[in-house]
Amino acid sequence: TQSTWAADWRTLLRCERFHDSATSMAFTASFVPNTGNSLVAVAADEGVRLFSMDSMRCVQHFPELFTSFCDGIKFIVSPTVPTAPGEHLLLARGCELLDLEGFSVASKANSVVLYKLGVPSSAERPFTLTEVRRFQHSEYNANSYLMRISCNGFYVFAPSVNGEVFIWSLASGELCAILRDHEEREVRDVLAHPTRPLLFTAGDDCKIHVYGPASAQRP
């Protein structure tokens with residue numbers, strides 16, 4: 001839905017639904033950069049849908065990015081991954097279908113995927129979504145909904161269901177570190193500080209951890 005609020009942000013003036021009869025579950029929404037907030041990307045079902053804020057309709061669908069659900073997307077900016085005019089970096093994560101051992105294990109490994117979303121220069125041309133890099137590891141188990149990824153432009157931070165946070169190099173895809181300070185439960189959110197070398201993690205163990213450089217002194 002698109003909502004319009006009064007200046008006090010307490011009174012709802014208008015609410016309009018997107019015209020979409022296909023989406024079953026929508027998880028994360030983010031405005032497409034440099035479009036004047038006229039386009040919104042939504043992690044919906046097993047892929048990503050693009051909606052126009054002007055027509056309130058889906059203008060393009062990128063299906064089957066994951067075999068179960070795509071529940072997290074994030075537009076990022078990085079000096080290490082070049083983009084052409086009209087291209088934007090998009091990180092996506094999701095869940096895979098449980099299809100083995102009595103429908104309790106997924107045959108496809110979990111991953112975080114870096115894409116380039118291409119915005120066309122004219123309405124007659126389609127949007128494009130091109131895979132740049134896939135971040136995977138044999139120990140990375142993240143087959144649970146609503147686990148938020150993060151990126152500071154240089155590293156990808158991805159939580160797991162085992163209380164771990166995996167850190168990959170955005171430029172090379174190399175696994176740099178695994179943080180194991182949470183108990184063996186889902187880590188729900190990871191947040192990189194926008195201006196300071198700090199990383200925040202929050203999990204189902206009811207704990208929030210803050211990480212910084214090893215040489216930094218506490219105030």
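How many helices and strands does the protein have? I looked that up before anything else: zero helices and 19 strands. Both are DSSP runs numbered from the N terminus, with helices being H or I over at least four residues and strands E over at least two.

Note to self on ground rules. This is a predicted model, where local features need pLDDT of at least 70, side-chain atom pairs count only at pLDDT 80 or more, and totals for chains, interfaces and linings use all residues. Residues are numbered from 1 along each chain as its sequence is written, and side-chain values use heavy atoms, with hydrogens and water left out.

**Overall dimensions**

I checked the radius of gyration, taken over C-alpha atoms, against the globule rule of 2.2 Å times the number of residues to the power 0.38. The protein comes out at 19 Å, close to the 17 Å that the rule gives for 219 residues, so it is as compact as a globular protein of that length. Its C-alpha trace spans about 50 × 50 × 40 Å along the principal axes.

**Burial and contacts**

I get 41% of the 219 residues as buried. My bins for relative accessible area are buried under 20%, exposed over 50% and partly exposed in between, using a 1.4 Å probe and protein chains only. For contacts (heavy atoms within 4.5 Å), I looked at pairs at least 6 apart in sequence, and 42% of these join residues at least 24 apart.

**Cysteines**

I searched for disulfides, meaning pairs of cysteine sulfur atoms within 2.5 Å, and found zero. Cys15 is in none, and its nearest cysteine sulfur, on Cys58, is 19 Å away. Cys15 is partly exposed at 47% relative accessibility, while Cys206 is exposed at 75%.

**Ala92**

Is Ala92 buried or exposed? I have it as buried, because its relative accessible area is 0%. Ala92 sits in strand E8, residues 87-95. Setting aside neighbours within four places in sequence, I listed its contacts: Phe66, Cys70, Gly72, Ile73, Ser111, Val112, Val113, Tyr115 and Ile149. I also took the C-alpha separation from Ala92 to Leu12, 80 residues apart along the chain, and got 32 Å.

**Ser55**

Where is Ser55 found? I placed it in the loop between strand E5 (47-52) and strand E6 (57-62). Ser55 counts as partly exposed because its relative accessible area is 36%. From its C-alpha to that of Ser38, 17 residues apart along the chain, I get 9.5 Å.
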